[in-house]
Amino acid sequence: MPFGIDNTDFTVLAGLVLAVLLYVKRNSIKELLMSDDGDITAVSSGNRDIAQVVTENNKNYLVLYASQTGTAEDYAKKFSKELVAKFNLNVMCADVENYDFESLNDVPVIVSIFISTYGEGDFPDGAVNFEDFICNAEAGALSNLRYNMFGLGNSTYEFFNGAAKKAEKHLSAAGATRLGKLGEADDGAGTTDEDYMAWKDSILEVLKDELHLDEQEAKFTSQFQYTVLNEITDSVSLGEPSAHYLPSHQLNRNADGIQLGPFDLSQPFIAPIVKSRELFSSNDRNCIHSEFDLSGSNIKYSTGDHLAVWPSNPLEKVEQFLSIFNLDPETIFDLKPLDPTVKVPFPTPTTIGAAIKHYLEITGPVSRQLFSSLIQFAPNADVKEKLTLLSKDKDQFAVEITSKYFNIADALKYLSDGAKWDTVPMQFLVESVPQMTPRYYSISSSSLSEKQTVHVTSIVENFPNPELSDAPPVVGVTTNLLRNIQLAQNNVNIAETNLPVHYDLNGPRKLFANYKLPVHVRRSNFRLPSNPSTPVIMIGPGTGVAPFRGFIRERVAFLESQKKGGNNVSLGKHILFYGSRNTDDFLYQDEWPEYAKKLDGSFEMVVAHSRLPNTKKVYVQDKLKDYEDQVFEMINNGAFIYVCGDAKGMAKGVSTALVGILSRGKSITTDEATELIKMLKTSGRYQEDVW
Ligand SMILES: Cc1cc2nc3c(=O)[nH]c(=O)nc-3n(C[C@H](O)[C@H](O)[C@H](O)COP(=O)(O)OP(=O)(O)OC[C@H]3O[C@@H](n4cnc5c(N)ncnc54)[C@H](O)[C@@H]3O)c2cc1C
Ligand SMILES: NC(=O)c1ccc[n+]([C@@H]2O[C@H](COP(=O)([O-])OP(=O)(O)OC[C@H]3O[C@@H](n4cnc5c(N)ncnc54)[C@H](OP(=O)(O)O)[C@@H]3O)[C@@H](O)[C@H]2O)c1
Ligand SMILES: Cc1cc2nc3c(=O)[nH]c(=O)nc-3n(C[C@H](O)[C@H](O)[C@H](O)COP(=O)(O)O)c2cc1C
């Protein structure tokens, strides 16, 4: 095998991929069967035949999406809404996970496909069926299909928009006709929104011609019947993360009281944070170590997995949002889909306050598309004119809105000079503001040493607004929540701190009291080699060190258990390249020497500091070069290479450094060394967990 690839590891990796696929598929099926929110959807009606559902519901346009973390879904929904609002089309917008595609060639309408890319150019988890169908479609099998496609990706990854390109290739080979150009959004360049707007404008022109559409002034038509209720009962959600947690429901537990899953996007586990602490010793930044106890559930995790943490919005931002739209947080409302192919996005009935605090993403950047759909609700003619102008002029929008880090409420307040946007219907907000999504964290514990406790290492996103000196700092929702919990848990009086935001730490019906948060585990294939004598090279600056703390704790626990059993196991060399700005932010600084002692010299840590006073900036890739001979020898001896952390600069810099090391070590060209790195990636010997 090239580069001494370990057969056992190959088998384990292949098995792992298969297991993940099966796991995901099984979960999706379970999720569908467990759909208990009372909607009459095509999904819960049990019909998964895509052509039948489109035909039976008299749809004249189909939008499909495959999304891992909600971005593709969000854009698919925006696109659908625009088709309805401007062209009065009867659009069906559907997650590919919920349908079977054997009848795709019989779908009698044009199809738009929004698809994001994950892993190493892979389709999102929920697209297993869809991928399987189109990749195996024979030539001519999709000759009736007319479609367009928008890919969502990040050009810092090697397989940029890999899933969309693969889908495109197979659809074309099966005889489908693409209308308009393939859209390619680039999150790495930060242009996803503008890429979408440019693609969408060009596709609408194509569709106008194809379908002879007349454009009308956008008019919002809700997909839901909105009813105001007057009593909070046990089935009214106050922000519970899923309907399972309503008092009217019963959680599924075994005889020992252990809550049974599956725990995933449809139902998290509400886990106590049993311990949390600040990891930085300086005051200018914060990094929080949090330990989640999963022992009340049947969740199992493996070292290298991700923890999904479900946040709620800070009280200040909720207040600001309620105020600009003049909304009463106490209003209780119910939503019923007017169309059986539509699903209510969160548990209802609920209150306006709960929906805004728990279910909508109200703090992030505002999109030009949202501006365009808000024109109809502008509070006066001047604002309408300004909004129209900004929705059409991307440069002006960038200067006046994006560069100032405005969220929706900031932007609308700025535009209307404080005048309320009180004619915007709640259904519009539910349908147009992105839904709250969990954030993922690389688990920094080992399932071998802490079986039911998951550690997470999160850098707190909190920086001054670079454009507006008198504006509040720009903050991340989840990381500031984790910091609030860390301080409260360690008996700091939050009211006396200068925290930029505060939260309702008790949650709905005190569900999160005593420092609990909803979480679920997402499987990854970031795994140590199964053979402990295989050498391992880990590269993880900043919070990128998180999974490597887990890896090293795993090796320590393994060695201790072997010694206890009287086995004399020798570990391969494990080398960790770590980088931090200086010594104040050196993560887990006190732990590493302990690990090195316990690993009997098989663990070595190499540290690069980039901002030590009066010292030249040093990065992990510089250290790789300093250790060139050792790194080359380890790779030649079959080492597994792991990179974690920043996708934009670091992962590329590291890859370039390794290409150089291989090229010099093997006396081959840079192109040949690049090919070798690709081979290592394909074979699973070079793994990245980057974001
Ligand atoms: C696979 C994976 C693993 C990860 N592992 C880790 C890990 O181990 N540790 C870790 O710390 N992170 C990790 N992350 C990143 C993590 O998931 C979150 O993205 C990160 O913690 C920020 O979340 P947040 O909710 O605090 O910020 P968000 O609320 O999501 O905000 C994101 C960013 O937008 C900025 N922002 C807020 N409002 C605006 C506005 N109006 N306009 C423009 N910008 C705005 C925020 O300041 C912040 O920088 C990982 C990500 C992935 C995908
Ligand atoms: N998507 C997200 O929401 C999110 C959230 C958290 C972290 N991240 C990413 O993950 C990374 C780790 O975050 P962090 O705050 O923990 O790290 P950090 O402290 O900002 O950076 C850790 C070290 O990496 C160095 N570094 C910067 N650019 C580099 C490059 N191109 N190559 C190699 N090293 C480089 C830094 O040097 P300098 O002195 O030059 O800064 C520092 O020494 C960040 O770079 C960030 O982009 C993303
Ligand atoms: C772990 C991870 C792996 C990714 N892999 C790729 C990739 O291989 N190619 C690519 O173009 N984009 C990749 N991306 C970027 C996403 O496709 C991009 O952020 C997209 O907007 C996400 O859309 P979604 O939220 O609908 O899933 C990756 C992102 C993450 C977090």
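The domain assignment splits this chain, seen here as a predicted model, into domain 1 (36–211), domain 2 (224–238 + 315–432), domain 3 (252–312 + 438–522) and domain 4 (536–690). Notice that domain 2 and domain 3 are each written as two stretches of the chain. If you take the centres over C-alpha atoms, domain 1 and domain 3 sit 34 Å apart.

Let's look at helix α6, which covers residues 192–211. You can check its length yourself: at 1.5 Å a residue, its 20 residues should span 28 Å, and the end C-alpha atoms are 27 Å apart, so the two values agree. Which residues of α6 are buried? They are Thr192, Asp193, Tyr196, Met197, Trp199, Lys200, Ile203, Leu204 and Leu207. Right after α6 comes His212, with a positive phi near 50°.

Now hop over to ligand 2. Where does it lie relative to domain 3 and domain 4? Both domains give residues to the shell around ligand 2, so it lies between them. That shell has five nonpolar, seven polar and six charged residues. Of the 18 residues around the ligand, Thr543, Ser610, Arg611, Lys617 and Tyr619 come nearest.

Some contacts with oxygen atoms of ligand 2 are worth finding on screen. Thr543 has a backbone N or O atom 2.7 Å from one, and Ser580 has a backbone N or O atom 3.3 Å from one. With Arg581, the side chain does the job: one of its N or O atoms is 3.0 Å from a ligand oxygen. Taken alone, ligand 2 would expose 880 Å², and the protein buries 72% of that.

Definitions and conventions. Residues numbered from 1 in each chain as written. Chains lettered and ligands numbered in written order. Predicted model: local features only at pLDDT ≥ 70, side-chain atom pairs only at ≥ 80, totals over all residues. Heavy atoms only, no water. Helix = DSSP H or I, 4+ residues; strand = E, 2+ residues; numbered from the N terminus. Expected span 1.5 Å × (residues − 1). Buried < 20%, exposed > 50% of the residue type's maximum accessible area, 1.4 Å probe, protein only. Domains from an automatic or database assignment. Near = heavy atom within 4 Å. Polar contact = N/O pair within 3.5 Å; in protein donor to acceptor, adjacent residues only side chain to side chain. Areas by Shrake-Rupley, 256 points an atom, 1.4 Å probe, with all protein chains shown as cover. Nonpolar A, V, L, I, M, F, W, Y, C, P; charged D, E, K, R; others polar.
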